[in-house]
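Hi everyone, thanks for making the time today. I'd like to walk you through one model, and please stop me whenever something catches your eye.

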Amino acid sequence: MFIKDITVDGYEKIIEVEDKSTGLHAIIAVHNTNLGSAVGGTRIYPYAHRDDAFNDVLRLSKGMTYKSALAGINFGGGKSVIIADPSKKTPELLRGFGEFVESLNGKYICAEDVNSSTADMKIISEVTNNVAGLEGDGGDPSPLTALGVFSSIKVTAEQKLNIPLNELTVAVQGVGNVGGGVVKHLTSNGAKVYIADVNQTALKELAEQTGAEIVSSNDIMTIESDIFSPCAMGAILNNETIPNLKCKAVVGAANNQLATNEDADLLLEKGILYAPDYLVNAGGIINVHFERSKEGYDVKKAQNAAVAIGDTLLEVYAIAEKENISPTVAADELAEKRLALKK
Ligand code: NAD
């Protein structure tokens with residue numbers, strides 16, 4: 001297996017492999033290990049061009065450094081991409097990838113991500129121990145992610161909007177693993193919740209279970225609510241959608257909600273409080289952290305850490321207010337401070 005080193009300013013280590021015998025073409029980017037081994041998912045995707053994969057792995061690995069630092073976890077930031085059609089992944093390809101991970105001697109720990117599953121991680125673990133997200137350890141991270149989102153909504157409502165949960169109205173876009181959990185937390189605390197999803201069966205089931213009110217996918221972003229909670233796909237906050245929002249704050253789980261950095265300022269100008277997504281949805285990485293802890297997975301400690309996301313969010317809001325910057329910029333500043341402390 002021929003592994004090529006690539007140097008990019010600001011990144012600790014980047015390696016690429018093209019292995020004819022297994023068909024593996026993959027890149028691992030380790031952005032920063034100031035806080036510990038770099039942890040981040042393995043994305044399997046049929047990128048049209050190798051450079052698209054390269055740019056993705058750079059951007060995502062840096063994002064992981066900031067996510068873990070802000071969540072107060074001693075993990076560094078890393079990510080990997082396998083350039084392949086996910087329907088054609090084979091055990092040989094995954095084992096080849098495991099060898100590639102192993103070549104970094106623990107500097108990078110892979111986990112499930114887009115198009116890679118816990119079953120894939122199990123195969124990878126046959127050749128390397130540097131794998132997280134295995135079935136039976138921490139298990140599905142979604143409940144912890146949902147708890148972190150709920151905690152973020154709670155502090156935003158109570159401390160920034162001065163609305164108690166039993167008077168709060170929330171519009172939730174996407175009621176999958178995370179969104180469904182968020183809706184259950186909210187309704188059991190007396191909030192009025194609107195829900196939308198493209199999956200009508202999941203919607204009806206959840207509405208019956210929780211009393212949440214179904215609205216159409218077209219209306220969920222423009223319905224009058226205190227908080228809009230995006231829990232489906234990314235880039236939904238952009239210059240077309242932001243002017244039509246009728247909420248006081250946006251607090252949700254979806255990754256990369258802002259289409260561009262400028263959209264954070266657009267929200268600020270419109271007076272809508274924005275809770276940075278990578279902080280709000282850090283429950284997933286917190287779960288991995290506890291899964292890998294030497295003492296074994298402790299559900300109570302993991303839950304407390306997810307709830308504490310709310311405290312960090314209040315810290316971010318306070319910095320943003322004091323410095324008259326968007327919470328997104330404030331979150332990056334706080335993450336950088338935590339990274340520097342550990343240098
Ligand atoms: P999921 O696939 O279980 O749920 C997503 C839901 O969104 C599905 O029910 C889907 O039908 C719905 N959806 C898709 N397109 C939609 C649309 N146009 N309008 C309304 N609904 C739509 O995914 P999940 O695990 O719940 O994750 C949700 C988001 O949170 C994703 O962006 C994910 O990257 C992010 N996230 C998840 C975790 C985790 O622990 N699962 C951690 C961090 C971030």
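Let's begin with the cysteines. The sulfur of Cys247 has its closest cysteine sulfur in Cys231, 13 Å away, and that is too far for a bond. Looking from the other side, the closest cysteine sulfur to that of Cys231 is the one in Cys247, again at 13 Å. A disulfide would need the two sulfur atoms within 2.5 Å, so the count comes to 0 disulfides. Both side chains are in covered places: Cys247 counts as buried at 10% relative accessibility, and Cys231 is buried too, with a relative accessible area of 12%. Do keep in mind, as we go on, that this is a predicted model.

Now let me zoom out for a moment. The domain assignment splits the protein chain into domain 1, made of 2-62 + 76-124, and domain 2, made of 142-281 + 310-339. The C-alpha centres of domain 1 and domain 2 are 30 Å apart.

On to the ligand, which I suspect is what many of you came for. Which residues come nearest to the ligand? Out of the 18 residues around the ligand, they are Thr145, Val178, Asp197, Ala232 and Asn255. In terms of character, the shell divides into 8 nonpolar, 9 polar and 1 charged.

Let me give you some polar contacts. A polar side-chain atom of Asp197 sits 2.6 Å from an oxygen atom of the ligand. The backbone takes part as well: a backbone N or O atom of Val178 is 2.8 Å from a ligand oxygen, and a polar backbone atom of Asn177 is 2.9 Å from an oxygen atom of the ligand. How much of the ligand does the protein cover? On its own the ligand has 830 Å² of accessible area, and the protein covers 70% of that. As for elements, those giving two or more residues to the shell are α4 (142-160) and α5 (177-188).

Last stop, for the backbone enthusiasts: two asparagines with positive phi. Asn105 has a phi near 55°, although Asn105 is not a glycine. You'll find Asn105 in the loop between α2 (91-102) and β6 (108-111), where Asn105 counts as exposed at 69% relative accessibility. Then there is Asn256, with a positive phi of about 50°, and again not a glycine. Asn256 belongs to the loop between β11 (249-250) and α7 (262-269), and at 42% relative accessibility Asn256 counts as partly exposed.

That's my tour, so over to you for questions!

Definitions and conventions
Residues numbered from 1 in each chain as written. Predicted model: local features only at pLDDT ≥ 70, side-chain atom pairs only at ≥ 80, totals over all residues. Heavy atoms only, no water. Domains from an automatic or database assignment. Near = heavy atom within 4 Å. Polar contact = N/O pair within 3.5 Å; in protein donor to acceptor, adjacent residues only side chain to side chain. Areas by Shrake-Rupley, 256 points an atom, 1.4 Å probe, with all protein chains shown as cover. Helix = DSSP H or I, 4+ residues; strand = E, 2+ residues; numbered from the N terminus. Nonpolar A, V, L, I, M, F, W, Y, C, P; charged D, E, K, R; others polar. Buried < 20%, exposed > 50% of the residue type's maximum accessible area, 1.4 Å probe, protein only.
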